[in-house]
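Here is my note on the model you sent, set out as numbered points. Please read it beside the coordinates, starting with a single residue and moving outwards to the sheet.

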Amino acid sequence: MEVTRRSAPDGRSWLFAVNHTDQPARVATTGVDVLSGTRSPGVLTIPAGEVAVVAETPQ
């Protein structure tokens, strides 16, 4: 699992997650996956071999 967070000076942030494994993986984040439209209330499950880019919601 590869996870990177990028943030803008105005406080917005995005979490990029790439699941390189053959099993689903979970990532702690709150926001919306801009690729799938899936909302994450705190934990997002990323299927094996898939990618998520989450526009994070400030806590």
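**Notes on a serine and its sheet**

1. Ser-40 has its place in strand β4, and it should be kept in mind throughout that the model is a predicted one. The relative accessibility of Ser-40 is 4%, and because the cut-off for a buried residue is under 20%, Ser-40 counts as buried.

2. As for its surroundings, Ser-40 is in contact with Thr-29, Thr-30 and Gly-31, once the neighbours within four places in sequence are left aside. With Thr-29 there is also a polar contact, in which the side chain of Ser-40 reaches the backbone oxygen of Thr-29 at 2.6 Å.

3. The wider setting is an open sheet of five strands, which are arranged in the order β1-β2-β5-β3-β4 with antiparallel pairing. Strand β4, covering residues 39-46, is an edge strand, as is β1, covering residues 2-7, and each of them pairs on one side only. On average, neighbouring strands of this sheet are turned by 30° against each other when direction is ignored.

4. Turning to β1, how many bridges join this strand to β2? There are six, and the two strands run antiparallel, with β2 made up of residues 13-18. Within this pairing, Val-3 stands opposite Ala-17 in β2, while Thr-4 stands opposite Phe-16 in β2. As a general point, side chains in a regular strand alternate between the two faces of the sheet.

5. Finally, the hairpin formed by β1 and β2 has five residues between the strands, and in this hairpin Gly-11 takes a positive phi near 100°.

How values were computed. Residues numbered from 1 in each chain as written. Predicted model: local features only at pLDDT ≥ 70, side-chain atom pairs only at ≥ 80, totals over all residues. Heavy atoms only, no water. Pairing = 2+ DSSP bridges. Helix = DSSP H or I, 4+ residues; strand = E, 2+ residues; numbered from the N terminus. Axes fitted to C-alpha atoms, helices over the stretch in contact; angles between N-to-C directions. Buried < 20%, exposed > 50% of the residue type's maximum accessible area, 1.4 Å probe, protein only. Polar contact = N/O pair within 3.5 Å; in protein donor to acceptor, adjacent residues only side chain to side chain. Contact = heavy atoms within 4.5 Å.
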